[in-house]
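Student: I should like to learn how to read the features of a structure such as this one. Could we take them in turn, with the general idea first and the particular case afterwards?

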Amino acid sequence: MKEFVSVIMAAGLGTRMKSDRAKVLHPVLGKPMLYFPLQAVRALRPKAISVVVGHQAERVREAMGTDPGLVYALQKEQKGTADALKAGVAPLGKVRSTLLVLNGDMPLIRTETLKALIAFHRRQKNALTLSSFITPDPTGYGRVLRDDRDRVSGIVEQKDATTDQLRIPEVNGGLYVMEPGVLDLLSQIRPANRAGEYYLTDIVGLSVSEGLKVGACLVEEEDLRGVNSRKELAEAAGILRMRILEGLMADGVSVMQPGSVFIEPEVKVGRDTFIYPNVVIEGRSRIGAGCHIFPGVRIVNSKVEDGAVVKDGCVIEDSRIGPGCSVGPFAHLRPGSVLKKDVKVGNFVELKKAVLRDGAKASHLSYLGDAEIGRGVNIGAGTITCNYDGTHKHQTVIGEGVFIGSDTQLVAPVKVGKGAYVGAGSTITGDVPAGSLALTRVRQRNIEGWVKKRALVKGKK
Ligand code: UD1
Ligand code: CA
């Protein structure tokens, strides 16, 4: 693609959101709304991108981060989109290439659509190209005005439109391609409208009067849907969610009930993986090939490797599940948990910063925190690492092949050497040497005939 620069306008407050948070920071599938148009533009590798910030400028900058091609332009007062563009081009110096301008509130815009719009602009040799779509409900959008020869003659905003103009079904999408000369007309725009704002849309009429070639390119309505309210936000999120799922299905992932599955945009899922209903996968999670993610699982910033199974009702956060592992049902992997190969973590097991090496098992009702668990270890039901002394966290280290009997407490810091056994019900407060058996429970005593004697005593009363 020939050189171009881009301005994304994102300084507005978004009054219609009724929020303390700037509109472009409202999350859509875990990302600020502005992330989506920015990504769509980035993929075309423009020479520079200028993001116009104003309302909560600092937070917008923080959320979007920095990269070499990205500059932020401050629009001090939100006086309208023409003023926003003026602010946006300022840090770009003298613009000499084609300029792509976008509203920041269109999370559904796709790279392909931008590419097609720029191509149309160049094919038509336009000075200014706007994007438009025809919709049964044009409410809120600027209407595209055409002359008797059907040429674009201007845009009129909803607030300023006559009854006849309000009936025009072709609306302005808020996406423009222009040659640098058009920018000179910005200074002629006056806030002579009901909102008292400097409307970028006035540049269309101005360009036409200057004899410049102006055209409108019809674009899919879906791409151009502006988000101004919470309802539109929810609708846009729904469309994006389906696009992501359709993309995964096209790549060989089975999504059993797309209506109930949420997968965020940066997640990757391998072939022949089955995603059951009510699954949520967030952040930078990576799911391998041939995995089963059963109903009601939430996975956040975690890696699940090939062939692993995560059964119903698990929460997996910042953790790693190695190939062939089985987790759940109802397990909670808190940050820093690592399951190597073929590990089994069963019902009601909570892990935190726990490493379980190949073939280790913790099948029932355990808490393992700050623990290193060797290959082939068996952790009996109800085993608890007492990792916290009220002030500090301490480590539990369990060697290869160890057998920990049920209902054991391991009071950290503590080490259990290779191959050792710990008897059920033990409270382990000191290290256990390799190959030994540790028992801390009281020896069992049976009092014969006790029940009968007790009954006799009772009967006397
Ligand atoms: C705008 C268009 C309208 C079009 C619609 C498409 C104008 C005057 N109207 O209306 O024709 O149909 O988009 O969705 O442009 N912004 C700033 N600074 C400002 C004002 C706005 O940066 O001073 C940013 C906003 O953050 C937003 C974008 O510009 O991302 C559009 O502003 P918005 O108020 O949403 O415009 P609309 O009324 O939707
Ligand atoms: Ca808008």
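Tutor: Let us begin with domains: their bounds come from an automatic or database domain assignment. Please keep in mind that this is a predicted model.

Student: Which domains does the assignment give?

Tutor: The assignment gives domain 1 (4-224), domain 2 (251-339) and domain 3 (369-461). Taken over C-alpha atoms, the centres of domain 1 and domain 3 are 67 Å apart.

Student: How many residues surround ligand 1, and which are the closest?

Tutor: There are 24 residues around ligand 1, and the closest are Gln75, Gly80, Thr81, Glu157 and Asn172.

Student: Which polar atom of Asn103 lies 2.8 Å from an oxygen atom of ligand 1, one of the backbone or one of the side chain?

Tutor: In Asn103 it is a polar side-chain atom that lies 2.8 Å from a ligand 1 oxygen. For Gly104, by contrast, the atom is a backbone N or O, 3.1 Å from an oxygen atom of the ligand. Lys79 likewise places a backbone N or O atom 3.4 Å from an oxygen of ligand 1. The ligand taken alone exposes 750 Å², of which the protein buries 90%.

Student: How should salt bridges be read?

Tutor: The criterion is a side-chain nitrogen of Lys or Arg within 4 Å of a carboxyl oxygen of Asp or Glu. By this rule the count comes to 20 salt bridges. One of them joins Arg42 to Asp67, with the closest N and O atoms 2.6 Å apart. This pair links distant parts of the chain, 25 residues apart: Arg42 belongs to helix 1 (residues 35-42), and Asp67 to the loop between helix 2 (57-64) and strand 5 (70-74).

Student: Where do Glu235 and Arg225 lie in the chain?

Tutor: These two residues form a salt bridge whose closest N and O atoms are 3.0 Å apart. Glu235 is in helix 8 (residues 230-250), whereas Arg225 is in the loop between helix 7 (221-224) and helix 8. Glu235 counts as partly exposed because its relative accessibility is 30%, and Arg225 is also partly exposed, at 25%.

Student: Which residues are linked in a network of salt bridges?

Tutor: Such a network links Arg110, Glu222, Asp223 and Arg243.

Student: What is the general expectation for the backbone?

Tutor: Most residues other than glycine have a negative phi, and most peptide bonds are trans. In this model the peptide bond from Gly328 to Pro329 is cis, with omega near 5 degrees. Pro329 sits in the loop between strand 24 (326-327) and strand 25 (332-333). The bond from Ala412 to Pro413 is cis as well, with omega near 5 degrees, and Pro413 is found in the loop between strand 35 (409-411) and strand 36 (414-416).

Student: Is Asp370, with its positive phi, buried or exposed?

Tutor: Asp370 has a phi of about 50 degrees although it is not a glycine, and its place is in strand 30 (residues 367-373). Asp370 is buried because its relative accessible area is 7%, under the 20% limit. Asn301 has a phi near 45 degrees, lies in the loop between strand 19 (298-300) and strand 20, and is partly exposed at 35%.

Student: Which residues form a nonpolar patch on the surface?

Tutor: The patch is formed by Phe403, Tyr421, Leu437 and Leu439, which together have about 420 Å² of accessible area. Leu439 is located in the loop between strand 39 (437-438) and helix 9 (450-460).

Key
Residues numbered from 1 in each chain as written. Chains lettered and ligands numbered in written order. Predicted model: local features only at pLDDT ≥ 70, side-chain atom pairs only at ≥ 80, totals over all residues. Heavy atoms only, no water. Patch = residues over 30% accessible without salt bridge, like charges linked within 9 Å, V, L, I, M, F, W, Y side chains within 5 Å. Areas by Shrake-Rupley, 256 points an atom, 1.4 Å probe, with all protein chains shown as cover. Helix = DSSP H or I, 4+ residues; strand = E, 2+ residues; numbered from the N terminus. Near = heavy atom within 4 Å. Polar contact = N/O pair within 3.5 Å; in protein donor to acceptor, adjacent residues only side chain to side chain. Buried < 20%, exposed > 50% of the residue type's maximum accessible area, 1.4 Å probe, protein only.
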